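Here are my notes on the model you sent, set out as numbered points. Please read them with the sequence and the structure side by side.

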Amino acid sequence: MANDELKFSGSEESMSSETSGSSYANSEIAGKIADHIGTGKNAKDSFIWMTITWSFYVASGLSLLIFINELVTPSETSGILSSVAEIWSIFVPIISLALGYAFGKGE
C-alpha cells in the first residue's frame, strides 16, 4: 500500500494504520451478507437453520403442488404417495445432515 489510509468502497470513512495499531488483514469488515447471517459462530448456525427451514419450505411446497395437481387432473395411473415420497427422499437427508451437524458438533 502506497499510502497510510485504506478507504472502503461505498463509505466516506477511512482507517489510518497509525491509529488502529493492527494490520488491515487481521481486521474484520462486516458487509451486507454479514448483516443478514451474522459473523463467526452465528453465521455457521444461521446457515444450518436456513438450510433446514428452506428444505422444509421447498419440500412442503412441492408436495402441496403434487396434491393440487392430483385434485385438478386426477389420473388412475399416478401414484401420488410415491411422488411425494420421492420429493421427501431428496430433502430428508439434507435436513438430517444439517441437524446432525448442528447438534453433533462439539464445543
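1. A position in the middle of helix pairing is a convenient place to begin, and I would start with serine 63. Leaving aside its neighbours within four places in sequence, serine 63 is in contact with Val84, Ile87 and Trp88. This serine belongs to helix 3, and with a relative accessible area of 6% it counts as buried, because the limit for that class is under 20%. Please keep in mind throughout that this is a predicted model, and that the values quoted here are computed from it.

2. As to the overall architecture, the protein has four helices and two strands, and from the N terminus on these elements follow the order β-β-α-α-α-α. Helix 3 covers residues 41–72, while helix 4 covers residues 80–104, and these two helices supply the residues discussed in the points below.

3. Of the 107 residues of the protein, 17% count as buried. The exposed surface comes to about 8,400 Å², and carbon and sulfur atoms supply 61% of that area. Where contacts between residues at least 6 apart in sequence are concerned, 46% of them join residues at least 24 apart.

4. Which residues make up the largest nonpolar core? It has five residues, namely Ile48, Ile52, Ile95, Ala98 and Ala102. Helix 3 and helix 4 each supply at least two residues of this core, and helix 4 gives the most to it, with three residues. In soluble globular proteins, nonpolar side chains tend to be buried together.

5. Within that core, isoleucine 48 deserves a separate look. This isoleucine is found in helix 3 and is buried, with a relative accessible area of 7%. Isoleucine 48 and alanine 102 are 54 residues apart along the chain, yet their C-alpha atoms are separated by 6.7 Å.

6. Turning to the aromatic residues, the count comes to three aromatic pairs. One of them is formed by tryptophan 54 and tyrosine 57, whose rings are edge-to-face, at 5.3 Å centre to centre and with 85 degrees between the planes. Because these two residues are three apart in helix 3, tryptophan 54 and tyrosine 57 are separated by about one helical turn. Both tryptophan 54 and tyrosine 57 are exposed.

7. Another aromatic pair joins phenylalanine 56 and tryptophan 88; this pair is tilted, with 6.1 Å from centre to centre and 55 degrees between the planes. Phenylalanine 56 lies in helix 3 and tryptophan 88 in helix 4, so the pair ties together parts that are 32 residues apart in sequence. How accessible is phenylalanine 56? With a relative accessible area of 39%, phenylalanine 56 is partly exposed, and tryptophan 88 is likewise partly exposed, at 23%. Tryptophan 88 is also among the contacts of serine 63 named in the opening point.

8. On the outside of the protein, a nonpolar surface patch of about 1,100 Å² deserves attention, and the residues that make it include Phe47, Met50, Trp54, Tyr57, Val58 and Leu62. Leu64, Leu65, Ile68, Leu71 and Val72 are also among its members. Trp54 and Tyr57, which belong to this patch, form the edge-to-face pair described above.

9. Two members of the patch can be described in more detail. Isoleucine 68 has its place in helix 3 and is partly exposed, with a relative accessible area of 41%. Leucine 65 is found in helix 3 as well, and at 54% relative accessibility this leucine counts as exposed, because that class begins over 50%. Leucine 65 and valine 84 are 19 residues apart in sequence and 9.9 Å apart in space, C-alpha to C-alpha.

10. Finally, glutamate 86 may be set beside serine 63. Glutamate 86 lies in helix 4 and is exposed, with a relative accessible area of 53%, whereas serine 63 is buried. The C-alpha atoms of glutamate 86 and serine 63 are separated by 9.8 Å, although the two residues are 23 apart along the chain.

Terms used: Residues are numbered from 1 along each chain as its sequence is written. This is a predicted model: local features need pLDDT of at least 70, side-chain atom pairs count only at pLDDT 80 or more; totals for chains, interfaces and linings use all residues. Side-chain values use heavy atoms; hydrogens and water are left out. Buried means under 20% relative accessible area, exposed over 50%, partly exposed in between (1.4 Å probe, protein chains only). Contact means heavy atoms within 4.5 Å. Accessible areas come from the Shrake-Rupley method with a 1.4 Å probe; for residues, only the protein chains shown count as cover. Rings of Phe, Tyr and Trp (its six-membered ring) pair if their centres lie within 6.5 Å; planes under 30 degrees apart count as stacked, over 60 as edge-to-face and the rest as tilted. Patches are made of residues with over 30% relative accessible area and no salt bridge: like charges are joined within 9 Å, nonpolar side chains (Val, Leu, Ile, Met, Phe, Trp, Tyr) within 5 Å. A salt bridge is a side-chain nitrogen of Lys or Arg within 4 Å of a carboxyl oxygen of Asp or Glu. A nonpolar core is a set of buried Ala, Val, Leu, Ile, Met, Phe, Trp, Tyr and Cys residues joined through side-chain atoms within 4.5 Å.
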